[in-house]
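Hi,

Here is the structure I said I would pass on to you. Have a look at it first, and then read on for what turned up.

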Amino acid sequence: MAKHKKVQQTPSKPAAMQYPSAGLLRRLGALIYDYLVVTSLLVIAGFIGMGVAKLLLVTGMASVPAGEDTVWLLTRHPLSLIYTLWLAFVICGFYTWFWTRAGQTIGMRAWRLRIQNEDGSNIRITQALIRLATAAFGLGNLMCLFNRKEPRAFQDIWAECRVVVLSKQENLELLNK
């Protein structure tokens, strides 16, 4: 008679733990890609803002002092606050949309990165806004240098999420969803 050995099953790791954390260089690569995309979006948003300013001038709803042009309306007029908030909305909207929908921005997709909760789920809007508020224009990523075993940026810690590196196959699967 053969004895049956009991095979102990090890508990599976949470979904986020099966992926390595993203290091500083990979994060910076994705950040540069995303800055190019955001810059393009800001150019488009600027054109829209300029169009609205021109429309306000043509309809007589706004005016500029003698010797000034439409740009004065967007930079030194009380309406400039609205214009600034519009541009901030475009930036925040870009990151929030991509992070909460797929966990990846365009730059993150190119560098096979994904932002997620510990259980592997997409982050919430509040987490995305916390990340934006604490990222310090990308400088929060420098914290990855202090813990090379499990690199986490300042904004990751505050938003209680992780940026992980996906395999090529997993990155393609996310793209096809």
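**What turned up**

Leaving out residues up to four places away in sequence, F98 touches G103, Q104, T105 and I106. Please keep in mind throughout that this is a predicted model. F98 itself sits in helix α3, and its relative accessible area is 25%, so it is partly exposed. If you want another way to place F98, try M108: the two are 10 residues apart in sequence, and their C-alpha atoms are 9.8 Å apart in space.

**How α1 and α3 meet**

Since you have already found α3, stay with it for a moment. Two packed helices are described by the angle between their axes and the distance between the axes. For α1 and α3, the axes come within 10 Å and cross at roughly 145°. The crossing is right-handed.

Which residues in α1 and α3 meet? On the α1 side they are D34, Y35, V37, V38, L41, L42, A45, G46, I48 and G49, and on the α3 side Y83, W86, L87, V90, I91, F94 and Y95. By class, this contact has 14 nonpolar residues, 2 polar and 1 charged.

**The largest pocket**

Rolling a probe the size of a water molecule over the atoms shows where empty space is left. The largest pocket in this model has a volume of about 490 Å³. It is lined by 23 residues, and those closest to its centre are L31, Y95, W99, L132 and A135.

Where does the lining come from? At least two residues each are supplied by α1 (24–58), α3 (80–101) and α5 (125–134). The largest share belongs to α1, with 6 residues. Sorted by class, the lining of the largest pocket has 16 nonpolar residues, 4 polar and 3 charged.

L31 deserves a closer look, as one of the residues closest to the centre of that pocket. You will find L31 in helix α1. Is L31 buried or exposed? Buried: the cut-off for that is under 20% relative accessible area, and L31 has 18%. Apart from neighbours within four places in sequence, L31 is in contact with G138 and N141. L31 and T105 are 74 residues apart in sequence, yet 9.4 Å apart in space, C-alpha to C-alpha. You met T105 above, as one of the residues that F98 touches.

**The second largest pocket**

The second largest pocket holds about 160 Å³ of space. Lining it are I48, G49, V52, A53, L56, L73, L74, L79, I82, Y83 and W86. Here the helices that each supply at least two residues are α1, α2 (70–75) and α3, and α1 again gives the largest share, with 5 residues. The lining has 10 nonpolar residues, 1 polar and no charged. Some of these names will look familiar: I48, G49, Y83 and W86 line this pocket, and they also take part in the contact of α1 with α3.

**Around α5 and α6**

Next, have a look at I130, which belongs to helix α5. I130 is partly exposed, with a relative accessible area of 34%. Not counting neighbours within four places in sequence, it is in contact with W158 and A159. I130 and I44 are 86 residues apart in sequence, and 26 Å separates their C-alpha atoms.

After α5 comes the loop between α5 and α6 (154–159), where L139 lies. L139 counts as exposed, at 58% relative accessibility. Its C-alpha is 8.6 Å in space from that of F154, and the two are 15 residues apart in sequence.

**Two backbone oddities**

Most residues other than glycine have a negative phi, and most peptide bonds are trans. A136 is not a glycine, but its phi is positive, at about 55°. A136 is placed in the loop between α5 and α6 and counts as partly exposed, at 39% relative accessibility. E160, also a residue other than glycine, has a positive phi near 55°. You will find E160 in the loop between α6 and β2 (162–165), and at 60% relative accessibility it counts as exposed.

Happy browsing!

Methods
Residues are numbered from 1 along each chain as its sequence is written. This is a predicted model: local features need pLDDT of at least 70, side-chain atom pairs count only at pLDDT 80 or more; totals for chains, interfaces and linings use all residues. Side-chain values use heavy atoms; hydrogens and water are left out. On a 1 Å grid over the protein atoms alone, a cavity is a set of points where a 1.4 Å probe fits but cannot get out, and a pocket is an open set with protein on both sides within 12 Å along at least five of seven lines; lining residues have an atom within 4 Å of a point. Grid points are joined across faces, edges and corners, and a volume is the space filled by probe spheres set on the points. Helices (H or I, at least four residues) and strands (E, at least two) are DSSP runs, numbered from the N terminus. Ala, Val, Leu, Ile, Met, Phe, Trp, Tyr, Cys and Pro count as nonpolar, Asp, Glu, Lys and Arg as charged, and the others, Gly among them, as polar. Axes are lines fitted to C-alpha atoms, for helices over the stretch in contact, and angles run from 0 to 180 degrees between N-to-C directions. A crossing is left-handed if the near helix is turned anticlockwise from the far one by less than a right angle, and right-handed if clockwise. Contact means heavy atoms within 4.5 Å. Buried means under 20% relative accessible area, exposed over 50%, partly exposed in between (1.4 Å probe, protein chains only).
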